[in-house]
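Visitor: I should like to learn how to read individual features in a model of this kind. May we begin with a single side chain and then proceed to the strands?

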Amino acid sequence: MTDNRTVDRIGPGDLVELATDVGPVPMNVGAVLLLAGGPGWDAARAETLIAERIATLPRLRQRLATSPWGLGRPYWVDDTVFDVGAHVSRVTCAAPGDHDALLAVAVDAVTRPLPRSRPMWRAVVVDGLADGQAALVLVLHHVLADGIGGLAVLAQLVDEAGPVALRSTGTARPAPGVRALLADCTAERMRTLRRLPQAMRRAHRGRTELGRGGGAPRCSLNAPTGPRRRVATVEVALDPLRAAGRRHGATVNDVLLVAVTGAMARILRARGEDVDELVVSVPVSARLATTSGDLGNQVGVMPVRTPIGGSVPERLAAVAEITRRRKTQARGASAALIGPAFRLLAALGLFRWFVDRQRLVNSFLTNMPGPTERLALVGAPILQIVPVTITAGNVGVAFAALSYDARLTVTVIVDPDVVPEIEELAAALKAELRAVAGA
């Protein structure tokens, strides 16, 4: 009897996220949705409604299964004992008027490992905030989705989202057998061979995206990180930054590169260190949008050597020229080069050793264009969306930006044992963004 069950493999980019999850903090990503709440807000009912809505997304009802040796990458299977209650919880904020207390809840949710024996996500409803506000902290393991995929999940959770196909809990599909895995693995290898010329061309374009070699300047912001994380946020109007960028031929991402490196340089000067440039790694998505049915990771990286000296217009123009030269039509092509290298290091047990000692980048910056209009979740307007990523290896500070409803929120993520000056860094970033907007 033929086993016709399809195999839903993770992609090469997902495999990198899984293989490089070597600690000391898990490869989780998250978002905080700050909700208006109000007099009629019922946290218990909201928790129930949010759980029901999350459970309609098929990927969030699946867990990872590992193939037997030689039968290909891990694959997704329906969790036959799926219990949404094991993933959704509710907490009351200990300090209602303290925004940092909410961020601490988010950091705790993001930095706790997600068991691989069940769907790899969690959601925390936070009530008891000031002015009747509430929040939802949604955490996904990075193997589930990149930033574009995370926005697709958000789009299905908000009010008035499009219909989502839902299989009842009693119709979980059985996992594929060995025959199906062997057939799928063989077919995948044949496709890989046929696509080899195309892969070679993409790898060549990936070298352009990665840019020339050379190490990043050595500075005290690069030191092996531990298990602790702290975050702070800076929120500014988006339009002035966009307009300032256009005046100098720069994108919002270029503007952010100038601002975050300027803020890092201020901290370094306060420590008695001077640098002429800093290297920031920027993810480059191979797609501009996706759906909740096509998540996963399709991302390359573009390390950008950003000058520190000169006026703001000069720095903007310089960064814009650098990124223009490095962009190719094959967005995210660098994944074809770095993916196999990272997977090899992970297979040899050397990835943690490598990232704790790397001298290629000083920081990471993620920038995602979010919804342009205000949304609502279970009847409560969403006031702000705060992205929460992690730092890894010897990168003591990273930045994540997301635009929403004409505002830009930039999250500063640090290991407080490497970068204890998080308040000063956030203040410096706000000053740099204001300087760019007025350039």
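Guide: Let us begin with a polar pair. The side chains of Asn362 and Asn222 make a polar contact at 2.8 Å. Please note that this is a predicted model.

Visitor: Where is Asn362 found with respect to the helices and strands?

Guide: One locates a residue by the elements on either side. Asn362 lies in the loop that leads from helix H11 (351-355) to strand S11 (363-369).

Visitor: Is Asn362 buried or exposed?

Guide: The relative accessible area decides this, and the cut-off for a buried residue is under 20%. Asn362 has a relative accessible area of 0% and is therefore buried.

Visitor: Which residues does Asn362 touch, leaving aside those up to four places away in sequence?

Guide: Among them are Ala216, Pro217, Cys219 and Asn222, together with Met264, Leu278 and Val279. Val395 and Val397 also touch Asn362.

Visitor: What is the strand order in the open sheet of six strands?

Guide: One reads a sheet from neighbour to neighbour. Here the order is S8-S15-S14-S11-S9-S10, and the pairing is mixed. Strand S8 (230-237) and strand S10 (299-307) are the edge strands, each pairing on one side only. From one strand to the next, the twist averages 20°.

Visitor: How many bridges join S8 to S15?

Guide: S8 and strand S15 (residues 407-414) run antiparallel and are joined by eight bridges. Within this pairing, Thr233 is opposite Thr411 of S15.

Visitor: How many residues of strand S6 are buried?

Guide: One examines each face of the strand in turn. In S6 (residues 121-127), seven of the seven residues are buried. One side presents Trp121, Ala123, Val125 and Asp127, the other Arg122, Val124 and Val126, and both faces are covered.

Visitor: In which sense do S5 and S6 pair, parallel or antiparallel?

Guide: Strand S5 (residues 88-92) pairs with S6 in the parallel sense, over five bridges. Ser89 is placed opposite Val124 in S6. Between S5 and S6 the chain passes through helix H3 (residues 99-111), forming a right-handed β-α-β crossover.

Visitor: In which sense do S6 and S7 pair?

Guide: S6 and strand S7 (residues 134-141) are antiparallel, with six bridges between them. Val125 has Leu136 in S7 as its bridge partner. The hairpin of S6 and S7 has six residues between the strands, and Gly128 adopts a positive phi near 80° there.

How values were computed: Residues are numbered from 1 along each chain as its sequence is written. This is a predicted model: local features need pLDDT of at least 70, side-chain atom pairs count only at pLDDT 80 or more; totals for chains, interfaces and linings use all residues. Side-chain values use heavy atoms; hydrogens and water are left out. Buried means under 20% relative accessible area, exposed over 50%, partly exposed in between (1.4 Å probe, protein chains only). Helices (H or I, at least four residues) and strands (E, at least two) are DSSP runs, numbered from the N terminus. Two strands pair if DSSP finds at least two bridges between them. A crossover is right-handed if, with the strands pointing away from the viewer, the path from the first strand over the helix to the second runs clockwise. A polar contact is a pair of N or O atoms within 3.5 Å; within protein, one must be able to donate a hydrogen and the other to accept it, and residues adjacent in sequence count only if both atoms are side-chain atoms. Contact means heavy atoms within 4.5 Å. Axes are lines fitted to C-alpha atoms, for helices over the stretch in contact, and angles run from 0 to 180 degrees between N-to-C directions.
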